[in-house]
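Reader: I'd like a close look at one strand and its surroundings, and then at how the side chains hold on to each other elsewhere. Could you walk me through it in one go?

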Amino acid sequence: MVKHTSISILKLLFMSSLLLSIAPSTEPCHPIDYKVLHEIQESMGSTPDLVSAFNLANDCCRGGDITCNEYGRVTYFFASHGNTSARIPSSICLLEYLEGFQFIYAPIYGSLPSTLTKLKYLREIRVAGTNLNSTIPSFLGNITNLQLIDLSSNSLHGPIPSSLGKLVDLNWLDLSNNHLSGQIPQSLGSCKALSFLDFSKNQLTGDVPKSLGQLNMNYVSLFSNHLTGDASHLFQSETGTLYLYSNRFAFNFSNVNVGSNLDYFVMSDNLVYGGFPPSIVNPVFEYFSVSNNRLCGPIPPSGTLQQFEADAFANNLCLCGSPLPPCSGS
């Protein structure tokens with residue numbers, strides 16, 4: 001099994017490339033924005049770990065957890081922890097210049113407020129590690145400027161709304177570690193800018209839509225679901241990370257074209273059959289495992305596969321060759 005610390009590091013590297021670039025404010029915080037931020041703070045309880053900038057006497061734009069534009073309007077804020085469970089207040093829509101916000105490990109429950117659709121500049125929503133316990137609202141598909149959605153590690157349930165396919169600028173979609181069910185929407189193939197997709201650790205079923213194979217995604221993580229069928233279309237030339245393990249995928253691995261950019265690849269605990277494709281020697285793998293499948297045939301002696309131990313290939317139908325025992329007749 002892949003080390004989850006490696007996954008977290010990769011996510012941070014991707015996230016750092018998407019952070020908003022905002023010029024520091026030259027004006028004090030606008031009174032309306034100041035009032036809304038204090039409402040958020042008071043609803044969650046006032047603790048030292050909560051947005052420290054909210055505690056400033058007169059100017060929320062001078063804190064490190066809040067950024068403002070040159071006119072003193074809040075464009076981004078970050079909130080974490082707190083000692084009182086609360087919903088995200090509907091008054092967040094009064095931050096009319098808001099481009100993004102984060103609630104990380106905050107005592108948030110309930111659902112995202114529908115008033116988010118009024119924020120015409122909103123590009124990033126990150127509510128992760130909270131008690132958000134609703135379905136994913138379909139109205140997110142109407143916030144047309146969204147580039148990043150991170151709703152990971154909550155208690156979300158129900159299907160992934162097909163309306164997300166309307167977000168043509170969406171670059172990052174992380175819905176991992178929830179209780180989502182149903183099939184992956186075909187409509188997500190319309191998110192042509194999508195480069196990071198993480199649906200791991202849910203209860204998703206069915207086949208992966210062929211439309212996802214038309215995207216040039218760099219990071220794809222679908223592990224620990226109940227997905228079935230063919231996933232060979234996810235091997236794209238730009239893909240650098242592909243986590244498919246702990247599903248019920250079944251396809252002929254011999255026919256897959258493995259791109260040279262793939263460096264983190266885990267396909268363990270599936271029903272994949274066939275042998276290694278010739279293209280498997282092209283990538284320089286950092287992490288690799290195909291254990292517990294139905295693969296057969298020799299392990300290529302060239303490429304970087306020889307650097308991995310036998311457990312990366314174990315419990316297949318009839319794989320052979322180093323680091324496993326020699327093939328018969330060799």
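Author: Sure, let's start with β5. Bear in mind that this is a predicted model. β5 is mostly covered, with four of its five residues buried. On one pairing, β5 runs parallel to β3, and five bridges join the two. If you want a spot to click on, Gly100 stands opposite Glu124 of β5. β5 also runs parallel to β7, residues 148-150, this time with three bridges. There, Arg126 stands opposite Asp150 in β7.

Now step back to the loop that leads into β5. Which residue forms a salt bridge with Arg123? The partner is Glu99, and the closest N and O atoms are 2.8 Å apart. Arg123 sits in the loop between β4 (109-110) and β5 (124-128), while Glu99 sits in the loop between β2 and β3 (100-104), so this pair ties together parts that are 24 residues apart in sequence. Arg123 itself is partly exposed, at a relative accessible area of 23%; the cut-off for buried is under 20%, which is why Arg123 doesn't get that label.

As background, side chains of opposite charge can pair when their charged atoms come close. How many salt bridges turn up in a search of the whole structure? Five. One of them links Arg73 and Asp33, at 3.1 Å from N to O. Arg73 belongs to the loop between β1 (66-68) and β2 (74-80), and Asp33 belongs to helix α2 (residues 31-44), so the contact ties together parts that are 40 residues apart in sequence. Both Arg73 and Asp33 are buried.

Another one pairs Lys210 with Asp230, whose closest N and O atoms are 3.2 Å apart. Lys210 is in the loop between β12 (203-207) and β13 (219-221) and Asp230 in the loop between β14 (226-229) and β15 (241-243), so parts 20 residues apart in sequence are tied together here. Lys210 counts as partly exposed, with 49% relative accessibility. Asp230 is partly exposed too, at 25%. Going back to the buried pair, salt bridges that share partners join Asp33, Arg73 and Glu96 into one network.

β12 and β14 also show up in a sheet. It is an open one of five strands, in the order β8-β10-β12-β14-β16, and the pairing is parallel. Its edge strands are β8 (157-158) and β16 (248-249), each pairing on one side only. β8 pairs with β10 (residues 179-182) in the parallel sense over two bridges, and the bridge partner of His157 in β10 is His179.

One last stop, if you like polar side chains in covered places: Asn293. You'll find Asn293 in the loop between β19 (287-289) and β20 (294-298). Is Asn293 buried or exposed? Buried, with a relative accessible area of 6%. The side chain of Asn293 has a polar atom 3.4 Å from the backbone nitrogen of Leu271, and a polar atom of that side chain lies 3.2 Å from the backbone oxygen of Ser291. Neighbours within four places in sequence aside, the contacts of Asn293 include Met267, Ser268, Asp269, Asn270 and Val272, along with Asn315, Asn316 and Leu317.

Key:
Residues are numbered from 1 along each chain as its sequence is written. This is a predicted model: local features need pLDDT of at least 70, side-chain atom pairs count only at pLDDT 80 or more; totals for chains, interfaces and linings use all residues. Side-chain values use heavy atoms; hydrogens and water are left out. Two strands pair if DSSP finds at least two bridges between them. A salt bridge is a side-chain nitrogen of Lys or Arg within 4 Å of a carboxyl oxygen of Asp or Glu. Buried means under 20% relative accessible area, exposed over 50%, partly exposed in between (1.4 Å probe, protein chains only). A polar contact is a pair of N or O atoms within 3.5 Å; within protein, one must be able to donate a hydrogen and the other to accept it, and residues adjacent in sequence count only if both atoms are side-chain atoms. Contact means heavy atoms within 4.5 Å.
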